[in-house]
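Here is a friendly walk through one protein model, meant for someone who has not met it before. Have a look at the picture, then read on.

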Amino acid sequence: MIVNAWQINPKLRISVLKSPLSASILHGESSCFLPLAQLDQDYYAPRIIQIAGSYPGITAEEIQAVSSEPSPDMGQWNYDFSDPDGPQLGTIAIEGSDKVHNVDDPVVIIAEHQALGVTLPPELEDPVDLIVLVDRARQTFAERKFLVLELPGENVSIGAYTSKSELPTNCNILGQVALVQIPWLPCMKKTKTGFMEEDEYF
């Protein structure tokens with residue numbers, strides 16, 4: 001269950017009334033002040049998104065099974081409460097941005113970098129997990145956009161196509177990839193030069 005930051009949820013409800021026996025003070029009293037951080041109207045909160053599974057090997061049913069919630073209102077955030085009666089699925093918080101905010105029906109797939117063709121430093125011999133953010137609301141073809149496809153009799157495939165005619169026969173588009181997040185690892189470069197071509201860690 002997702003609850004907006006400005007809503008009062010029964011699980012979070014506490015009393016702010018002070019007991020006559022309480023010796024504690026509140027913010028602003030007796031020159032005591034909380035370390036406050038005020039968000040502004042342009043703040044994109046990290047978005048909490050459920051993880052459907054791992055690629056390769058994930059199925060269309062697993063991608064479609066997870067639920068999603070709307071983005072938090074600008075300048076606010078959401079709470080995530082697990083449903084004890086529902087399936088216990090992993091979640092991950094993705095850094096807020098306009099791109100993440102505008103994903104209508106998000107789900108996350110954890111993909112091996114080699115399965116997506118992402119090149120990482122040659123020192124990395126084992127597969128590296130990448131976060132693949134998919135918008136399930138975008139189930140139409142788009143040229144050179146990476147699509148999540150359900151293939152008849154096979155598992156899900158992720159790939160891009162230059163024309164609609166190149167799509168596999170009888171495939172079903174489950175969504176489009178909105179973002180792929182790559183972790184920083186010790187073998188990657190640290191220094192930034194200010195030139196985008198040189199500042200890519202991989």
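## A pair of strands to start from

Let's begin with one small contact: Gly53 has Ile109 of β5 as its bridge partner. This model is predicted, so everything here is about a computed structure, and residues count as buried when their relative accessible area is under 20%. Another bridge joins Ile51 to Val108 of β5. Both belong to a wider match, in which strand β2 (residues 47-55) and strand β5 (residues 106-112) run parallel and share four bridges.

On to the next neighbour: β5 and β6 pair too, this time antiparallel, over seven bridges. One of the contacts there puts Pro106 opposite Asp135 of β6. As for its surroundings, β5 is largely enclosed by the rest of the structure, because six of its seven residues are buried.

## The whole sheet

Now step back. Which order do the strands follow across the open sheet? Going across, you meet β4-β2-β5-β6-β9-β7-β8, seven strands with mixed pairing. The two edges are β4 (91-94) and β8 (156-160), each of which pairs on one side only. On average, neighbouring strands in this sheet are turned by 40 degrees against each other, with direction ignored. As background, strands of a sheet pair through backbone hydrogen bonds, either parallel or antiparallel.

Is the edge strand β8 mostly covered or mostly uncovered? It is mostly covered, with four of its five residues buried. Its partner is β7, and the two pair in the antiparallel sense over five bridges. One of these bridges sets Glu150 against Val156 in β8. The hairpin of β7 and β8 has five residues between the strands, and there Gly153 takes a positive phi near 75 degrees.

## Salt bridges

How many salt bridges turn up in a search of the whole structure? The search finds three. In general terms, side chains of opposite charge can pair when their charged atoms come close.

Take Asp105 and Arg136, whose side chains meet in a salt bridge with N to O at 2.9 Å. This pair links distant parts of the chain, 31 residues apart: Asp105 sits in the loop between α2 (98-101) and β5, while Arg136 sits in the loop between β6 (129-135) and β7 (146-150). Asp105 is partly exposed, at 24% relative accessible area, whereas Arg136 counts as buried at 7%.

Asp135, already met as the bridge partner of Pro106, also forms a salt bridge with Arg138, where the closest N and O atoms are 3.5 Å apart. Asp135 is buried, with a relative accessible area of just 2%, but Arg138 is partly exposed at 46%. The remaining pair is Glu143 with Arg144, with 4.0 Å between the closest N and O atoms. Glu143 is exposed, and so is Arg144.

## A pocket and a cavity

The second largest pocket holds about 300 Å³ of space. Which strand gives the most to its lining? That would be β9 (residues 172-181), with five residues. Asp135 and Arg138, the salt-bridge partners, both show up in the lining, which also includes Lys99, Asn102, Lys145 and Gln176. By class, this lining divides into five nonpolar, two polar and four charged residues.

There is also one cavity of 30 Å³ or more, and about 60 Å³ of space lies in it. It is lined by 13 residues, and those closest to its centre are Tyr44, Ala45, Ser71, Pro72 and His101. Sorted by class, the cavity lining has six nonpolar, five polar and two charged residues. Spaces like these come to light in a simple way: rolling a probe the size of a water molecule over the atoms shows where empty space is left.

## One tryptophan in a loop

To finish, find Trp77 in the loop between α1 (60-65) and β3 (78-80). Is Trp77 buried, partly exposed or exposed? Its relative accessible area is 39%, so Trp77 counts as partly exposed. Trp77 and Tyr44 are 33 residues apart along the chain, and 8.3 Å separates their C-alpha atoms. Tyr44 is a residue you have already met, as one of those closest to the centre of the cavity.

Notes
Residues are numbered from 1 along each chain as its sequence is written. This is a predicted model: local features need pLDDT of at least 70, side-chain atom pairs count only at pLDDT 80 or more; totals for chains, interfaces and linings use all residues. Side-chain values use heavy atoms; hydrogens and water are left out. On a 1 Å grid over the protein atoms alone, a cavity is a set of points where a 1.4 Å probe fits but cannot get out, and a pocket is an open set with protein on both sides within 12 Å along at least five of seven lines; lining residues have an atom within 4 Å of a point. Grid points are joined across faces, edges and corners, and a volume is the space filled by probe spheres set on the points. Ala, Val, Leu, Ile, Met, Phe, Trp, Tyr, Cys and Pro count as nonpolar, Asp, Glu, Lys and Arg as charged, and the others, Gly among them, as polar. Two strands pair if DSSP finds at least two bridges between them. Axes are lines fitted to C-alpha atoms, for helices over the stretch in contact, and angles run from 0 to 180 degrees between N-to-C directions. Buried means under 20% relative accessible area, exposed over 50%, partly exposed in between (1.4 Å probe, protein chains only).
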